Amino acid sequence: MSGFRAAVITFPGSNCDRDMAVAIEQVCGGEVLRVWHGDAELPERLDFIALPGGFSYGDYLRSGAMAARSPIMRAVVAAAARGVSVLGVCNGFQVLTEAGLLPGALMRNAGLRFVCRTVPLEVVNTQSLFTAGYRAGQRITIPVAHQDGAYYADAATLDRLEGEGRVAFRYGEAVNGSARDIAGVLSDAGNVLGMMPHPERMIEPAHGGSDGRAMFESVVRGLVGESV
Amino acid sequence: MTHKIRVHVSLKPGVLDPQGRAIQHAIAGLGFAGVSDVRAGRLFEMEVDAGVTDAALDDMARQLLANMVIENYRIERVQ
């Protein structure tokens, strides 16, 4: 067992929190703690925080907007500022942008439809904590399931993200109308990643593929230096 | 004594609005001619105490009602 210590946050309406916890347990080992949105404090000595997919607060107002203002998110913002690694998947990505931890916003899909299918992704940055286990330019397949996944930021922000290597993943085909096909974005300091595709749904062959596994392996290697 | 406040939230110019476009197409499909653009927004109607300042309303809009990355807002005090 590694000394890895992770937390998965559950909001009312989260529905991928258990999958996320299982993926972290199976790939990273260590301890995975479940944290409720109404908690004001996170467990101590966390290496990693995951915000799961789902429909927090019924997507009221805007997807992720209410969750971003919940008590636990103040603690998550503070932890991210201290350098704790934070992954937001799908609704978790929406929460991270609404909380201001990542730039841009996630808007209604260009086709207006809920998109639920496995899509090709290009790993754009393989130097980050989350993606070091992938090869440069590697094409992977990961499922998406969202209605508000069109990434938007103004042109200057997009240029900056691309120039600073903060685009982690790009869609390999038209999926949702995201600006410059961006599927995943890193924070300035590199310790926060938001992505619409679900790596936790691709960690073993029984899932139809295991391309998401390298993300969790990258994180645990980067944070505790252990091979898994 | 409370006052009625309306906060109008709309997409910033240049931000694509696929919902607005779909509504525009539906309007044309109903046979209404001459509608060249539709942008969908949100309207919040609130009852607030007389002591709530414009600055506080502004903060509410910025922190929650609008996402300043993609939206603008306008606050209207209804007489």
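Colleague: In which strand of chain A does Arg5(A) lie, and is Arg5(A) buried or exposed?
Modeller: In this predicted model, Arg5(A) lies in strand β1, residues 5–10 of chain A. Its relative accessible area is 12%. Buried means under 20%, so Arg5(A) in β1 counts as buried.

Colleague: Which residues is Arg5(A) in contact with, leaving aside its neighbours within four places in sequence?
Modeller: Two of the contacts of Arg5(A) are Glu31(A) and Leu33(A). The others run from Pro43(A) through Glu44(A), Arg45(A), Leu46(A) and Asp47(A) to Phe48(A).

Colleague: How do the axes of α1(A) and α6(A) stand to each other, and what is the handedness of the crossing?
Modeller: The axes of α1 (residues 17–28) and α6 (residues 213–224) of chain A come within 9 Å and cross at roughly 60°. That angle is neither under 35 degrees nor in the range 65 to 115, and the two helices are therefore oblique to each other. The crossing of α1(A) past α6(A) is right-handed.

Colleague: Which residues of α6(A) meet α1(A)?
Modeller: On the α1(A) side, the residues are Met20(A), Ala23(A), Ile24(A), Gln26(A), Val27(A) and Cys28(A). The residues of this contact divide into seven nonpolar, one polar and two charged. On the α6(A) side, they are Arg213(A), Phe216(A), Glu217(A) and Val220(A).

Colleague: Which residues touch the most other members of the largest nonpolar core, and what does Leu42(A) touch?
Modeller: The largest nonpolar core has 74 residues, and Ile24(A), Leu42(A), Ile49(A), Leu87(A) and Phe169(A) touch the most other members. Not counting residues up to four places away in sequence, Leu42(A) touches Ile9(A), Val35(A), Ile49(A), Ile72(A), Ala75(A), Val76(A) and Ala79(A).

Colleague: How many residues are in the second, separate core?
Modeller: Among its members are Leu61(A), Phe44(B), Met46(B) and Leu57(B). The count for this second core is 13 residues.

Colleague: Is Phe44(B) buried or exposed, and which residue of chain A is Phe44(B) in contact with?
Modeller: Phe44(B) is in strand β2 of chain B, and its relative accessible area of 18% makes it buried. Beyond four places in sequence, its contacts in chain B are Ile5(B), Arg6(B), Val7(B), Val9(B) and Leu65(B). Leu65(B) is 21 residues away in sequence, with a C-alpha to C-alpha distance of 8.2 Å. The contact in chain A is Leu61(A).

Colleague: How many residues of helix α4 of chain A are buried, and which residue just after α4(A) takes a positive phi?
Modeller: Helix α4, residues 91–98 of chain A, is mostly covered, with eight of its eight residues buried. Among them are Phe93(A), Val95(A) and Leu96(A), along with Asn91(A) and Glu98(A). Just after the helix, phi is positive, about 80°, at Gly100(A).

Colleague: What is the phi of Leu112(A), and what is the phi of Arg180(A)?
Modeller: Most residues other than glycine have a negative phi. Leu112(A), in the loop between β5 and β6 of chain A, is partly exposed at 28% and has a phi near 70°. Arg180(A), in the loop between β9 and β10 of chain A, is partly exposed at 32%. The phi of Arg180(A) is also positive, at about 50°.

Colleague: Where is Thr53(B) found, and what separates its C-alpha atom from that of Gln63(B)?
Modeller: Thr53(B) is found in the loop between β2 and α2 of chain B. Thr53(B) counts as partly exposed, at 43% relative accessibility. Gln63(B) is ten residues apart from Thr53(B) along the chain, and their C-alpha atoms are separated by 15 Å.

Key:
Residues are numbered from 1 along each chain as its sequence is written. Chains are lettered from A and ligands numbered from 1 in the order in which they are written. This is a predicted model: local features need pLDDT of at least 70, side-chain atom pairs count only at pLDDT 80 or more; totals for chains, interfaces and linings use all residues. Side-chain values use heavy atoms; hydrogens and water are left out. Axes are lines fitted to C-alpha atoms, for helices over the stretch in contact, and angles run from 0 to 180 degrees between N-to-C directions. Helices (H or I, at least four residues) and strands (E, at least two) are DSSP runs, numbered from the N terminus. Angles under 35 degrees count as roughly parallel, over 145 as roughly antiparallel, 65 to 115 as roughly perpendicular and the rest as oblique. A crossing is left-handed if the near helix is turned anticlockwise from the far one by less than a right angle, and right-handed if clockwise. Contact means heavy atoms within 4.5 Å. Ala, Val, Leu, Ile, Met, Phe, Trp, Tyr, Cys and Pro count as nonpolar, Asp, Glu, Lys and Arg as charged, and the others, Gly among them, as polar. Buried means under 20% relative accessible area, exposed over 50%, partly exposed in between (1.4 Å probe, protein chains only). A nonpolar core is a set of buried Ala, Val, Leu, Ile, Met, Phe, Trp, Tyr and Cys residues joined through side-chain atoms within 4.5 Å.
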